[in-house]
Amino acid sequence: MEMTSEMDKAAAIVKAARRAVVLGHQFPDGDAIGSVLGLGLMLQDAGYHVQASWAEPFDMPQKYSFLPGSGLLRRPGEVDFSGAIAIALDCANEKRLEELKERALAVPLVNIDHHPDNTGFGAANLTDPLASSTSQIVYSTAGPFGLEISADVATCLYTGLVTDTGRFQFSNVTADTLRIAAGLIDCGVDPHSVYENVYQSDSLNYLRLSGEVLCSSVYEADLGLIYGYVSQADLESFGVRMNETEDLIDNLRTLRGHHIVALFKEQPDGRVRVSLRSRSDVDIGTLARSFGGGGHRVAAGYTSSRNGFGEALDELKDKIIASGWGPDTR
Ligand code: AMP
Ligand code: MN
Ligand code: MN
């Protein structure tokens, strides 16, 4: 990690600019949204013209709609990059920007991310695979970039920390993570209010859908694999949006003795998005990359090239078996 010289390069790019476009990955989670809005607000407070965006489908999950900074949001097609720098947040590679990619790569781009497979696609790259979250790295940029962390900024960044660390319980948590969380609380975050907004805001429809997905989940003991499936028909019959299902995989993850969790999510176009989680004994980041996706050792995802749940499941199981993972390697 050559963060220091990269930090100098990033600070030079940011300080030379007056306009910034802050971008998260498609289907943003709490860390992508928290880091985008947190950095966006910090820049706006310092007088920058700021636009924030991510790829279509461009909508804000309900549970993050309490976050300040929504005034910065622009649909991807409406973002004006002229005279601006771009800052990509929580994106392991430029493809995660989808339709924003070409315009972002045409201006000075700062890449801030914590995925171990980050491709270093920026003119400056603040990448740290040991950081719990991208929001944690953004916190460390305030000093070098000459920016202030207001209570609103802190609320966004704290939300990124909380959601990417499983409320400070995943293996990516260090003493530093907790020190930074404490620093953010000192800046004015109300942790209980973040908890209520993020974790006590499910709709009754969502609870019922999650019951259905848990009831129909399957555990394959020989692979240590538990999986579930969310179809478009389920979403429609329960009245739930796909972006409400981000945490559903965590329910499957509580199963005693499991090694791999897979949640298959049917997209409107029929393709299947696969979310994966593991205990640290299985590197599902590598598995996801072999399908053209990516992620961390214990949290990763990809979109299957096969149509339909059954096909996507078979494809995944074949790859797990071919990797040698099985009863005798456990
Ligand atoms: P998710 O299951 O969507 O919450 O994603 C888990 C992790 O894998 C996150 O760190 C994502 O950024 C990453 N990830 C998910 N899908 C992809 C993809 N198609 N390409 C690269 N990384 C991904
Ligand atoms: Mn993310
Ligand atoms: Mn993240």
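## Two domains in contact

Two residues are in contact when heavy atoms lie within 4.5 Å. On that basis, 16 residues of domain 1 touch 12 residues of domain 2. The model is predicted. Its chain splits into domain 1, residues 4-199, and domain 2, residues 204-322. Their C-alpha centres are 26 Å apart.

The two domains bury about 1100 Å² between them. Carbon and sulfur atoms account for 45% of that area. On the side of domain 1, F27, K63 and D117 lose the most area to domain 2. Together these residues make up 35% of what that side buries. Quoting lost accessible area is a common way to give the size of an interface.

## Charges and polar pairs across the interface

Three salt bridges cross the interface of domain 1 and domain 2. D247 and K63 form a salt bridge, with their closest N and O atoms 2.6 Å apart. K63 also appears among the residues of domain 1 that lose the most area to domain 2.

Six residue pairs are in polar contact across the interface of domain 1 and domain 2. Which classes of residue does domain 1 bring to the side that touches domain 2? That side has eight nonpolar, four polar and four charged residues.

## The two manganese ions

Start with the manganese ion (ligand 2). H25 coordinates this ion through NE2, D29 through two OD donors, and D90 through OD. The distances run from 2.1 to 2.7 Å. Along the chain, these donors follow the spacing H-x3-D-x60-D. The pair H25 and D90 links distant parts of the chain, 65 residues apart. H25 is in the loop between β1 (19-23) and α2 (30-45). D90 is in the loop between β3 (84-89) and α3 (101-105).

Now take the manganese ion (ligand 3). Its donors are D31 (OD), D90 (OD), H114 (NE2) and D164 (OD), at 2.2 to 2.3 Å. They follow the spacing D-x58-D-x23-H-x49-D. Here the pair D90 and H114 links distant parts of the chain, 24 residues apart. H114 sits in the loop between β4 (109-113) and β5 (124-127).

Which residue bridges the manganese ion (ligand 2) and the manganese ion (ligand 3)? The bridging residue is D90. The manganese ions (ligand 2 and ligand 3) lie 3.7 Å apart.

## A salt bridge within a helix

The structure holds 13 salt bridges. One pairs the side chains of K9 and E6, at 3.0 Å from N to O. How are K9 and E6 placed in helix α1? They are three residues apart in α1 (residues 3-15), so about one helical turn separates them.

## Two backbone details

Most peptide bonds are trans, and most residues other than glycine have a negative phi. Two places in this model depart from those habits. The peptide bond from E56 to P57 is cis, and its omega is near 0°. P57 lies in the loop between β2 (49-53) and β3.

F27 is not a glycine, yet its phi is positive, about 50°. F27 belongs to the loop between β1 and α2. The metal donor H25 is in the loop between β1 and α2 as well. F27 also returns us to the interface: this residue is one of those in domain 1 that lose the most area to domain 2.

Definitions and conventions:
Residues are numbered from 1 along each chain as its sequence is written. Chains are lettered from A and ligands numbered from 1 in the order in which they are written. This is a predicted model: local features need pLDDT of at least 70, side-chain atom pairs count only at pLDDT 80 or more; totals for chains, interfaces and linings use all residues. Side-chain values use heavy atoms; hydrogens and water are left out. Domain bounds come from an automatic or database domain assignment. Buried area is the accessible area (1.4 Å probe) that two parts lose on being put together, summed over both. A salt bridge is a side-chain nitrogen of Lys or Arg within 4 Å of a carboxyl oxygen of Asp or Glu. A polar contact is a pair of N or O atoms within 3.5 Å; within protein, one must be able to donate a hydrogen and the other to accept it, and residues adjacent in sequence count only if both atoms are side-chain atoms. Ala, Val, Leu, Ile, Met, Phe, Trp, Tyr, Cys and Pro count as nonpolar, Asp, Glu, Lys and Arg as charged, and the others, Gly among them, as polar. Donors are N, O and S atoms within 2.8 Å of the metal (3.2 Å for Na, K and Ca); water is not among the atoms, so sites may look incomplete. Helices (H or I, at least four residues) and strands (E, at least two) are DSSP runs, numbered from the N terminus.
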